[in-house]
Amino acid sequence: MTKSAVPLDPVDKALLRALQRDGRATNAELSEAAHMSESACLRRVKLLEQSGVIERYTAVVDPAAVGLPLTVFVTISLTNQSQEALAAFETAVAAVPEILECYLMTGTSDYILRLAAADTEDLERLHSTRLTRLPGVARVTSSLALRSVVRRTGLPIL
């Protein structure tokens, strides 16, 4: 089910851009960025949170700094594309912490995943003990990222 876009005015957009740059910005810093009073700014941010525009706050961690320098993209094809098969796969994939992202796709594969791994031995372990044991998996294809060219966490809010 697709979520409807929430109407955003220029103040909302300014607040979102500021928060994407620095999720720990103070209310005073945000109010300055949006050219509004601190009390109005706080109300606006709360509304963005309550409406689901702001999902959560998080820290961006350098994968190599925590021993997970290998980024792997995995395509998975299932033996069956019934709603039950998709639901079982999606429930199981959500329980694997090394899987950072999972998308249901169009095209030749059913899903694409982004994984974090320590090295190729770690990837082999993930492949044999996690990926191939997910429900309904027919085929797994992995591609290793050689280096990151663009890595954004923020959306282009214009």
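Which side chains meet in a salt bridge at 2.7 Å, N to O? The side chains of Arg-125 and Asp-122 do so, in a structure that is a predicted model. The legends below begin with this pair.

**Figure 1. Arg-125 and Asp-122 form a salt bridge within helix α5.** The two residues are three positions apart in helix α5, about one turn of the helix. The N to O distance between their side chains is 2.7 Å. Asp-122 has a relative accessible area of 13% and is therefore buried, since buried means under 20%. Arg-125, at 34% relative accessibility, counts as partly exposed. Leaving out residues up to four places away in sequence, Asp-122 touches Leu-68 and Ala-117.

**Figure 2. Arg-125 also forms a salt bridge with Glu-98.** The closest N and O atoms of Glu-98 and Arg-125 are 3.4 Å apart. This pair links distant parts of the chain: Glu-98 belongs to the loop between α4 (83-94) and β2 (99-104), while Arg-125 belongs to helix α5 (residues 120-129), and 27 residues separate them. Glu-98 is buried, with a relative accessible area of 15%. The structure holds seven salt bridges. Elsewhere, salt bridges that share partners join Asp-9, Asp-12 and Arg-44 into one network.

**Figure 3. Glu-101 and Arg-114 form a salt bridge between two strands.** The closest N and O atoms of Glu-101 and Arg-114 lie 2.5 Å apart. Glu-101 is in strand β2 and Arg-114 is in strand β3 (residues 111-117), 13 residues apart, so that the pair links distant parts of the chain. Glu-101 is partly exposed, with a relative accessible area of 26%. Arg-114 is likewise partly exposed, with a relative accessible area of 26%.

**Figure 4. Strand β3 pairs with β1 and with β2.** Seven bridges join β1 to β3, and these strands run antiparallel. Five bridges join β2 to β3, which also run antiparallel. Two positions illustrate the pairing. Phe-73 has Arg-114 in β3 as its bridge partner, and Cys-102 stands opposite Leu-113 in β3. Why is β3 described as largely enclosed by the rest of the structure? Five of its seven residues are buried. The hairpin of β2 and β3 has six residues between the strands, and Gly-107 in this hairpin takes a positive phi near 100°.

**Figure 5. The largest nonpolar core has 20 residues.** Those that touch the most other members are Val-74, Ile-76, Phe-89, Leu-113, Leu-115, Leu-131 and Leu-134. At least two residues of this core come from each of β1, α4, β3, α5 and β4 (137-144). Strand β1 gives the most, with five residues. In soluble globular proteins, nonpolar side chains tend to be buried together. Ile-76 touches Phe-89, Ser-109, Asp-110, Tyr-111, Leu-113, Leu-134, Val-137, Arg-139 and Val-140, not counting residues up to four places away in sequence. Apart from the largest core lies another core, of 13 residues, among them Leu-16, Leu-30, Cys-41 and Val-45.

**Figure 6. Ser-77 is a buried residue of strand β1.** The relative accessibility of Ser-77 is 7%, and Ser-77 therefore counts as buried. Which residues are in contact with Ser-77, leaving aside its neighbours within four places in sequence? The contacts are Thr-108, Ser-109, Asp-110, Gly-136, Val-137, Ala-138 and Arg-139.

**Figure 7. Val-61, Val-66 and Leu-68 make a nonpolar surface patch.** The area of this patch is about 230 Å². Leu-68 is found in the loop between α3 (38-50) and β1 (70-78). At 31% relative accessibility, Leu-68 counts as partly exposed. This view also connects with Figure 1. Leu-68 is one of the residues touched by Asp-122, and Asp-122 is found in helix α5.

How values were computed
Residues are numbered from 1 along each chain as its sequence is written. This is a predicted model: local features need pLDDT of at least 70, side-chain atom pairs count only at pLDDT 80 or more; totals for chains, interfaces and linings use all residues. Side-chain values use heavy atoms; hydrogens and water are left out. A salt bridge is a side-chain nitrogen of Lys or Arg within 4 Å of a carboxyl oxygen of Asp or Glu. Helices (H or I, at least four residues) and strands (E, at least two) are DSSP runs, numbered from the N terminus. Buried means under 20% relative accessible area, exposed over 50%, partly exposed in between (1.4 Å probe, protein chains only). Patches are made of residues with over 30% relative accessible area and no salt bridge: like charges are joined within 9 Å, nonpolar side chains (Val, Leu, Ile, Met, Phe, Trp, Tyr) within 5 Å. Accessible areas come from the Shrake-Rupley method with a 1.4 Å probe; for residues, only the protein chains shown count as cover. A nonpolar core is a set of buried Ala, Val, Leu, Ile, Met, Phe, Trp, Tyr and Cys residues joined through side-chain atoms within 4.5 Å. Contact means heavy atoms within 4.5 Å. Two strands pair if DSSP finds at least two bridges between them.
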